[in-house]
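The following paragraphs lead the reader through one protein chain, from its overall architecture to individual side chains. Please keep the sequence and the coordinates in view while reading.

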Amino acid sequence: YLKNDLVNAVKHLEFALKYAESNIEKATVHGEFIKMYNIVSDLNSSWRSGVLALKALKINLISNITYFHLYLKLFQVNFQLVRRNLNKVLSDPKIPKEEEVLAQELLLSLGDICYIRNKKAIAYNFFKSLELTVSNGV
């Protein structure tokens, strides 16, 4: 219902955001903004909501992604993969925190927007997700 009435939806989500206490609650509300803006094809607002949601979880996204950013992120992820002992990871699985799962969900919800905004952004988004997976086991 609210997703068809953008004005009221924004009003209610801003109200929820005003009273959100934890970073998880704030990120969750911004995640709803992403869904709502995607429905009305407002990709810039959806991207901004995604950046704010991930920032609440202490994850920074870069808006203007270049090949330099891609190669740097690829190097960082590759370095983490080399440092990790795969047998240890497989034998000692850890239960992911709620923030880590939410961050992965938010990154996934930004996939279409990344593709439309900047083709390099989808690769960066994938590397960021892989980085979270390698470092946190999500």
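What percentage of the 138 residues in the protein chain is made up of buried residues? The answer is 36%. The structure discussed here is a predicted model, and each value below is computed from it.

The secondary structure may be taken as the starting point. The protein chain contains 8 helices and 0 strands. Followed along the sequence, its elements give the pattern α-α-α-α-α-α-α-α. Of the contacts in the chain with a separation of 6 or more, 68% are between residues 24 or more positions apart. Towards the outside, the protein chain exposes about 8,900 Å², and 59% of this area is supplied by carbon and sulfur atoms.

The charged side chains come next. How many salt bridges does a search of the whole structure find? The search finds 3. One of the pairs consists of Lys35 and Glu32, whose side chains meet with an N to O distance of 3.0 Å. These two residues are separated by about one helical turn, because they are 3 residues apart in helix 2, which covers residues 23-39. As for the surroundings of this pair, Lys35 has a relative accessibility of 43% and therefore counts as partly exposed. Glu32, at 27% relative accessibility, likewise counts as partly exposed, because the buried class requires a value under 20%.

A further salt bridge is formed by Lys73 with Glu131, with 3.1 Å between the closest N and O atoms. This pair links distant parts of the chain: Lys73 belongs to helix 4 (residues 67-83) and Glu131 to helix 8, with their positions 58 residues apart in the count along the chain. Lys73 and Glu131 are both buried.

Glu131 also forms a salt bridge with Lys128, where the closest N and O atoms are 3.5 Å apart. Here both partners, Glu131 and Lys128, lie in helix 8, at a spacing of 3 residues or about one turn of the helix. Both of these residues are buried as well. Through salt bridges that share partners, Lys73, Lys128 and Glu131 are joined into one network.

Helix 8 deserves a second look. Spanning residues 119-136, this helix also contains Asn125. Is Asn125 buried or exposed? Its relative accessible area is 7%, so Asn125 is classed as buried, the limit being under 20%. A polar atom of the Asn125 side chain lies 2.9 Å from the backbone oxygen of Leu107. Leu107 is also among the residues that Asn125 touches; with residues up to four places away in sequence not counted, these are Leu107, Leu110, Gly111 and Cys114.

The final stop is a loop residue. Where does Ala20 lie? Ala20 is found in the loop between helix 1 (6-19) and helix 2. Ala20 counts as buried because its relative accessibility is 12%. When neighbours within four places in sequence are left aside, Ala20 is in contact with Glu25 and Lys26.

Taken together, the charged pairs offer a contrast in setting. Lys35 is partly exposed, and so is Glu32, whereas Lys73 and Glu131 are both buried.

Notes
Residues are numbered from 1 along each chain as its sequence is written. This is a predicted model: local features need pLDDT of at least 70, side-chain atom pairs count only at pLDDT 80 or more; totals for chains, interfaces and linings use all residues. Side-chain values use heavy atoms; hydrogens and water are left out. Helices (H or I, at least four residues) and strands (E, at least two) are DSSP runs, numbered from the N terminus. Buried means under 20% relative accessible area, exposed over 50%, partly exposed in between (1.4 Å probe, protein chains only). A polar contact is a pair of N or O atoms within 3.5 Å; within protein, one must be able to donate a hydrogen and the other to accept it, and residues adjacent in sequence count only if both atoms are side-chain atoms. Contact means heavy atoms within 4.5 Å. Accessible areas come from the Shrake-Rupley method with a 1.4 Å probe; for residues, only the protein chains shown count as cover. A salt bridge is a side-chain nitrogen of Lys or Arg within 4 Å of a carboxyl oxygen of Asp or Glu.
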